Amino acid sequence: QVQLVESGGGLVQAGGSLRLSCAVSGRIFRINAMGWYRQAPGKQRELVALSGSGGSTNYADSVKGRFTISRDNAKNTVFLQMNSLKPEDTAVYYCNANLRRTGEIISRDYWGQGTQVTVSS
């Protein structure tokens with residue numbers, strides 16, 4: 001069983017900061033990419049930031065320069081530092097990990113339960 005447990009969401013005023021964390025646990029052989037997605041009411045889930053296994057990162061244009069993704073490979077944890085938050089950043093944020101479980105030969109996507117981020121104007 002693989003679990004992704006997120007923390008760090010909450011309510012913040014515009015211009016403020018939040019830091020999300022996501023810890024991955026279970027019988028894991030290798031974690032490939034880890035990332036953060038978000039889904040606002042009435043909208044599709046969208047990629048926010050992605051961290052590849054080799055250290056590469058990708059960001060949605062809307063968060064470039066404000067959000068930073070990082071990971072602690074020793075602890076199977078990914079972080080999202082969110083600065084200069086805007087009301088339009090309000091959404092449920094989901095952690096994603098593409099990983100290979102011990103004893104399996106293919107990698108799969110796993111998701112966290114989501115954490116609410118609300119930015120007030």
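Which strand holds Glu6? Glu6 is found in strand β1, which covers residues 3-7. The model is predicted. Residues count from 1 along the chain.

## Glu6: a buried charge

Glu6 is buried, yet it has no salt bridge. The nearest side chain of opposite charge belongs to Arg45. That side chain is 7.8 Å away. A salt bridge needs a distance within 4 Å, so Arg45 does not make one with Glu6.

What does the side chain of Glu6 reach at 2.5 Å? It reaches the backbone nitrogen of Cys95. A polar atom of the Glu6 side chain also lies 2.5 Å from the backbone nitrogen of Gly114.

The surroundings of Glu6 can be listed too. Neighbours within four places in sequence are left aside here. Glu6 is then in contact with Ser21, Cys22, Trp36, Tyr93, Tyr94, Cys95, Gly112, Gln113, Gly114 and Thr115. Cys95 and Gly114 are thus named again, this time as contacts of Glu6.

## The aromatic pair

How many aromatic pairs does the structure hold? It holds 1. The partners are Tyr37 and Trp111, with ring centres 5.0 Å apart. Their planes stand at 65 degrees, so the pair is edge-to-face. The cut-off for that label is over 60 degrees.

This pair links distant parts of the chain. Tyr37 is in strand β4, residues 28-39. Trp111 is in strand β10, residues 108-111. The two are 74 residues apart.

## Charges over rings

Trp111 has another partner. Arg45 lies over the face of Trp111, at 4.7 Å from the ring centre. Is Trp111 buried, exposed or partly exposed? Its relative accessibility is 37%, so Trp111 counts as partly exposed.

Arg19 and Phe79 give a further example. The charged end of Arg19 sits over the ring of Phe79. It is 4.1 Å from the ring centre.

## Asn32 in strand β4

Asn32 has its place in strand β4. Tyr37 is also in strand β4. Is Asn32 buried or exposed? Its relative accessibility is 16%, so Asn32 counts as buried.

Which side chains make polar contacts with the side chain of Asn32? One is the side chain of Arg30, at 3.1 Å. Another is the side chain of Ser107, at 3.0 Å.

Leave aside the neighbours within four places in sequence once more. Asn32 is then in contact with Ser51, Gly52, Ser53, Arg71, Asn98, Leu99 and Ser107. Ser107 therefore appears both as a polar contact and in this list of contacts.

Key. Predicted model: local features only at pLDDT ≥ 70, side-chain atom pairs only at ≥ 80, totals over all residues. Heavy atoms only, no water. Phe/Tyr/Trp six-rings, centres within 6.5 Å; stacked < 30°, edge-to-face > 60°. Helix = DSSP H or I, 4+ residues; strand = E, 2+ residues; numbered from the N terminus. Buried < 20%, exposed > 50% of the residue type's maximum accessible area, 1.4 Å probe, protein only. Lys NZ or Arg CZ within 6 Å of the ring centre and 35° of its normal. Lys, Arg positive; Asp, Glu negative; His and termini not counted. Polar contact = N/O pair within 3.5 Å; in protein donor to acceptor, adjacent residues only side chain to side chain. Contact = heavy atoms within 4.5 Å.
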